[in-house]
Amino acid sequence: MACGGCKARIEISKLQMAANVGGAAGRAFKAMVQGKPVFSAAQMVLKRHMICKACPSQKYISELDRCAACGCFILKSIVGAPGKATLANEKCPKGHW
Ligand code: SF4
């Protein structure tokens, strides 16, 4: 269980995070409309998650399974929404995947 210190590591504001979520939702919707993949293949999800867990920029918050740089959950959010690594059109903010 997180003590709150992990959340303090997140480097962007709640407003920026909300904008990121909106952007991700928009990209997913656009992909769906265009008939392109919305979700990453299982192997890609695993690969991305492995990269995050050994994040070269040291932005991975293991207690939350979350990226400190963008605030995104990696596999799934606390409400069960798909995390960044599971969405085909998302990218690492530091260019690691
Ligand atoms: S998304 Fe990128 S910067 Fe964030 S934890 Fe994963 S590898 Fe690191």
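**A buried phenylalanine, a bare helix and a ligand shell**

F73 sits in the segment that comes after strand 2 (66-67). This is a predicted model, and F73 makes a handy place to start looking around. Is F73 buried or exposed? With 20 other C-beta atoms within 10 Å, F73 counts as buried, because 20 or more is what that label takes. Leaving out residues up to four places away in sequence, F73 touches D65, R66, G83 and K84. Along the chain, F73 and Y60 are 13 residues apart, and their C-alpha atoms are separated by 9.8 Å.

F73 and Y60 also turn up together in the largest nonpolar core, a set of 12 residues. The other members are I10, V45, C52, I61, C67, A68, C70, C72, I74 and A85. Which elements give two or more residues to this core? They are helix 3 (42-53) and strand 1 (60-61).

Before going further, it helps to check how confident the prediction is. The protein chain has a mean pLDDT of 93, and 98% of its residues reach 70 or more. Within the chain, helix 3 has the highest confidence, at 98, while helix 1 (residues 5-8) has the lowest, at a mean of 81. As a rule of thumb, predicted coordinates should not be read in detail where pLDDT is low.

Next comes helix 2. Its 20 residues (residues 14-33) should span 28 Å at 1.5 Å a residue, and the C-alpha atoms at its ends are indeed 28 Å apart, so the expected and modelled spans agree. How many of the residues of helix 2 are buried? The count is 0, so this helix is hardly covered, given that a residue needs 20 or more other C-beta atoms within 10 Å to be called buried. Just after helix 2, the backbone at G35 takes a positive phi of about 75 degrees.

Positive phi values show up at other spots too. Most residues other than glycine have a negative phi. Against that background, D65 has a phi near 50 degrees, a positive value in a residue that is not glycine. D65, one of the residues that F73 touches, is found in the loop between strand 1 and strand 2. With 19 other C-beta atoms within 10 Å, D65 is partly exposed. Q58 is another non-glycine residue with a positive phi, here about 55 degrees. Where is Q58? It lies in the loop between helix 3 and strand 1. Q58 counts as exposed because it has 10 C-beta neighbours inside 10 Å, and 12 or fewer is the cut-off for that label. Q58 and I10 are 48 residues apart in sequence, with their C-alpha atoms 12 Å apart in space.

The model also has a ligand. Which residues are around the ligand? From helix 3 to strand 1, the list runs through I51, C52, C55, S57, K59 and Y60. Further along the chain come C67, A69, C92, P93, K94 and H96. Sorted by type, the shell around the ligand has 8 nonpolar, 2 polar and 2 charged residues. Of these, C52, Y60 and C67 also belong to the largest nonpolar core.

Two more exposed residues round off the picture. K53 has its place in helix 3, and with 11 other C-beta atoms within 10 Å it is exposed. In sequence K53 and K7 are 46 residues apart, and in space they are 17 Å apart, C-alpha to C-alpha. G95 lies in the segment after strand 2, and it is exposed too, with 8 other C-beta atoms within 10 Å. The C-alpha atoms of G95 and S57 are 9.9 Å apart, even though 38 residues of sequence separate the pair.

Technical notes. Residues are numbered from 1 along each chain as its sequence is written. This is a predicted model: local features need pLDDT of at least 70, side-chain atom pairs count only at pLDDT 80 or more; totals for chains, interfaces and linings use all residues. A nonpolar core is a set of buried Ala, Val, Leu, Ile, Met, Phe, Trp, Tyr and Cys residues joined through C-beta atoms within 7 Å. Helices (H or I, at least four residues) and strands (E, at least two) are DSSP runs, numbered from the N terminus. Two residues are in contact if their C-beta atoms, placed from the backbone, lie within 7 Å. pLDDT is the predictor's confidence in each residue, from 0 to 100. The expected span of a helix is 1.5 Å times one less than its number of residues. A residue is near a molecule or strand if its C-beta atom, placed from the backbone, lies within 6 Å of it. Ala, Val, Leu, Ile, Met, Phe, Trp, Tyr, Cys and Pro count as nonpolar, Asp, Glu, Lys and Arg as charged, and the others, Gly among them, as polar.
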